Amino acid sequence: MTTNWFKFASPAAFYPIAGRLIPWFGRIAAALVLIGLFWGFFLTANQLGGSNPQKEYYRIIFVHVPSAWMSMWLYLVLAGWSAIGLVFNTRLSFMMAKAAAPTGALFTFLALWTGALWGRPSWGTYWDWDPRLTSELLLFFLYIGYMALHSAIDDTRRADRAAALLAIVGLVMVPVIFLSINCPDPNQCAALHQRSDPGSIHLSILIPMLTMTFGLWAYSFAAVFARLRTIILTRESDSAWVRDVIAKEATV
């Protein structure tokens, strides 16, 4: 017995699936985020060692780093669904991309905000045009530009395609962000950030940071699917199945 996976490309077929997945991802996100925050804030060392010891304020790493990872991952998701929509002309793909953009923008803003808060005691300034901060700011502008362009065009199909093209062009920022902190030649790429090398992080720091990362990852699924269901209902409002869903939910 084989499963026809293409049937789930239909908004009508995916709508109930998203509804069933949201509570599961929500519970997983709540549990992992609470565990990660408690572990990171209360059960880790009072001070990071190394050549530049940092005191209590290093704990912002448990929010800053997972948020930065999610900002890049969600942009890949956004651009990926945009490309699929352009190639296969699938309505659900464009809807998925649109649903991912606000959550990606939220995590990008959170990464910038926590980075600035971390930078003040570490570097003596909230902002120093560090390559990593600057490229992350450009990523935030890409998210805002995607949503603004989509909102500026009245025709939904034209808006989907125009915003998708912008998202795909903006993919260049993801390797730029990665290289800004993992420069092949650090002498040529001055940065306030250290290189991202999980293998060099002590397990007492790495495990709660990864726990937070998976928690935010699960939250991303829950938030995107919840937003996707709203987008589906709005765009498919003239369909008989949407009227049936609304009528059914109204009687519950």
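These are short exercises on a predicted model, each with a worked solution.

**Exercise 1. Two annotated spans**

Task: Find what fraction of residues 100–119 and of residues 131–149 is helix, and how far apart the ends of each span lie.

Solution:
- Start with the record. UniProt, in an unreviewed entry, lists both 100–119 and 131–149 under "transmembrane region".
- Take residues 100–119. The span is 100% helix and 0% strand. Its end C-alpha atoms are 28 Å apart.
- Take residues 131–149. This span is 100% helix and 0% strand. Its end C-alpha atoms are 26 Å apart.

**Exercise 2. Alanine 45**

Task: Locate alanine 45, then decide whether it is buried, partly exposed or exposed.

Solution:
- Place the residue. Alanine 45 sits in the loop between helix 1 (11–42) and helix 2 (61–88).
- Apply the cut-offs. Buried means under 20% relative accessible area, and exposed means over 50%.
- Alanine 45 has a relative accessible area of 36%, so it is partly exposed.
- List its contacts. Leaving aside neighbours within four places in sequence, alanine 45 touches Tyr58 and Arg59.
- Look further along the chain. Serine 204 is 159 residues away in sequence, yet the two C-alpha atoms are separated by 7.9 Å.

**Exercise 3. Asparagine 89**

Task: State what is notable about the phi of asparagine 89.

Solution:
- Recall the rule. Most residues other than glycine have a negative phi.
- Read the angle. Phi of asparagine 89 is near 55°, which is positive, and the residue is not glycine.
- Place the residue. Asparagine 89 is in the loop between helix 2 and helix 3 (91–123).
- Check accessibility. With a relative accessible area of 42%, asparagine 89 is partly exposed.

**Exercise 4. Salt bridges**

Task: Count the salt bridges in the whole structure, and say which parts of the chain each one joins.

Solution:
- Recall the principle. Side chains of opposite charge can pair when their charged atoms come close.
- Count. The search of the whole structure gives 2 salt bridges.
- Take one pair. Glutamate 236 and arginine 91 meet at 2.7 Å, N to O. Glutamate 236 lies in the loop between helix 7 (203–235) and helix 8 (240–251), and arginine 91 lies in helix 3, so the pair ties together parts 145 residues apart in sequence.
- Compare the partners. Glutamate 236 is buried at 9%, whereas arginine 91 is partly exposed at 39%.
- Take the pair of arginine 235 and aspartate 160. Their side chains meet at 2.8 Å, N to O. Arginine 235 is in helix 7 and aspartate 160 in helix 5 (residues 156–169), 75 residues apart.
- Compare again. Arginine 235 is partly exposed at 23%, whereas aspartate 160 is buried at 1%.

Note on methods: Residues numbered from 1 in each chain as written. Predicted model: local features only at pLDDT ≥ 70, side-chain atom pairs only at ≥ 80, totals over all residues. Heavy atoms only, no water. UniProt positions renumbered as here; feature names shortened; annotations may be inferred. Helix = DSSP H or I, 4+ residues; strand = E, 2+ residues; numbered from the N terminus. Buried < 20%, exposed > 50% of the residue type's maximum accessible area, 1.4 Å probe, protein only. Contact = heavy atoms within 4.5 Å. Salt bridge = Lys/Arg side-chain N within 4 Å of Asp/Glu carboxyl O.
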